[in-house]
Amino acid sequence: MASIHNDVPLPAPARDVWDAVRDFGALHQRLVPGFVTACSRDGNARIVTFANGSVAREVLVDCDDARQRLVYAINNERLKHYSASVQVIAEGEANCRLVWIIDMLPNELAAYVQDQTKAAVIAMHKAFPPTGG
């Protein structure tokens, strides 16, 4: 099983980043604008349209405010298994880390997913730019 790890330092308070992560239906507006172009809710799932035109149905598995951790899964004909967790960890008052781990099968799609996560991380940095100057 492929495991993709992203450890993303962000120059924003953990509470602000967590608020964007936990806003499950606003991915395109708050966490990764530009990378995700549309997102709509469908019960406990969200239908996500990516900038490259692909669409995924991501099911909310868990949203833990105490641990600032969200887990979602994708079930479709291309992916035998896809489970992802996003956790926000404070690093002082003004900075945090976003730890995003994806476990997936088949392994052959891992390179594509890894490239997609790189683009998502760029969008996160644009959503949470450094303050001051």
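What volume does the largest pocket have? In this predicted model, the largest pocket has a volume of about 520 Å³. Its lining is made up of 30 residues, and those that lie nearest the centre are Phe-50, Ala-56, Glu-58, Ile-74 and Tyr-82. Two or more lining residues are contributed by each of the helices α2 (27-31) and α3 (110-127) and by each of the strands β3 (45-50), β4 (55-64), β5 (69-74), β6 (81-90) and β7 (96-105). Helix α3 provides the largest share, with six residues. When the lining is sorted by class, 23 residues are nonpolar, four are polar and three are charged.

Within helix α3 lies Gln-116. This residue counts as buried, with a relative accessibility of 17%. Beyond its neighbours within four places in sequence, Gln-116 is in contact with Phe-35, Phe-50 and Asn-52. Of these contacts, Phe-50 is also one of the residues nearest the centre of the largest pocket. The loop between β7 and α3 contains Pro-106. The peptide bond that joins Leu-105 to Pro-106 is cis, with omega at about 0 degrees. Most peptide bonds are trans.

Helix α1 was examined next. In this helix, which spans residues 14-22, the buried residues are Ala-14, Val-17, Trp-18, Ala-20 and Val-21. Viewed down the axis of α1, these buried residues fall within an arc of 160 degrees, so they line one face of the helix. An α-helix has 3.6 residues a turn, so residues three or four places apart point the same way. The buried residues of α1 pack against helix α2 and against the strands β1 (2-10), β4, β5, β6 and β7.

Contacts to α1 can also be described from individual strand residues. Val-88 is located in strand β6 and counts as buried, at 3% relative accessibility. Apart from neighbours within four places in sequence, Val-88 is in contact with Ala-14, Val-17, Trp-18 and Val-21, and also with Arg-67, Gln-68, Cys-96, Arg-97 and Leu-98. The C-alpha atom of Val-88 is separated by 14 Å from that of Phe-24, a residue 64 places away along the chain. Asp-64, in strand β4, likewise counts as buried, with 17% relative accessibility. Outside its neighbours within four places in sequence, Asp-64 is in contact with Trp-18 and Arg-69.

Gln-68, one of the contacts of Val-88, is found in the loop between β4 and β5. Although Gln-68 is not a glycine, its phi is positive, at about 50 degrees. Most residues other than glycine have a negative phi. At 18% relative accessibility, Gln-68 counts as buried, because the cut-off for burial is under 20%.

The cysteines were considered last. The structure holds zero disulfides. For Cys-63, the nearest cysteine sulfur is that of Cys-39, at 14 Å. For Cys-96, the nearest cysteine sulfur is that of Cys-63, at 15 Å. Neither distance meets the disulfide criterion, because the two sulfur atoms would have to lie within 2.5 Å. As to surroundings, Cys-63 is partly exposed, with a relative accessible area of 27%, whereas Cys-96 is buried, with a relative accessible area of 1%. Cys-96 is also among the residues in contact with Val-88.

How values were computed. Residues numbered from 1 in each chain as written. Predicted model: local features only at pLDDT ≥ 70, side-chain atom pairs only at ≥ 80, totals over all residues. Heavy atoms only, no water. 1 Å grid on protein atoms, 1.4 Å probe; cavity = no way out; pocket = protein on both sides within 12 Å on 5 of 7 lines; lining within 4 Å. Points joined across faces, edges and corners; volume = space filled by probe spheres on them. Helix = DSSP H or I, 4+ residues; strand = E, 2+ residues; numbered from the N terminus. Nonpolar A, V, L, I, M, F, W, Y, C, P; charged D, E, K, R; others polar. Buried < 20%, exposed > 50% of the residue type's maximum accessible area, 1.4 Å probe, protein only. Arc of directions from axis to C-beta. Contact = heavy atoms within 4.5 Å.
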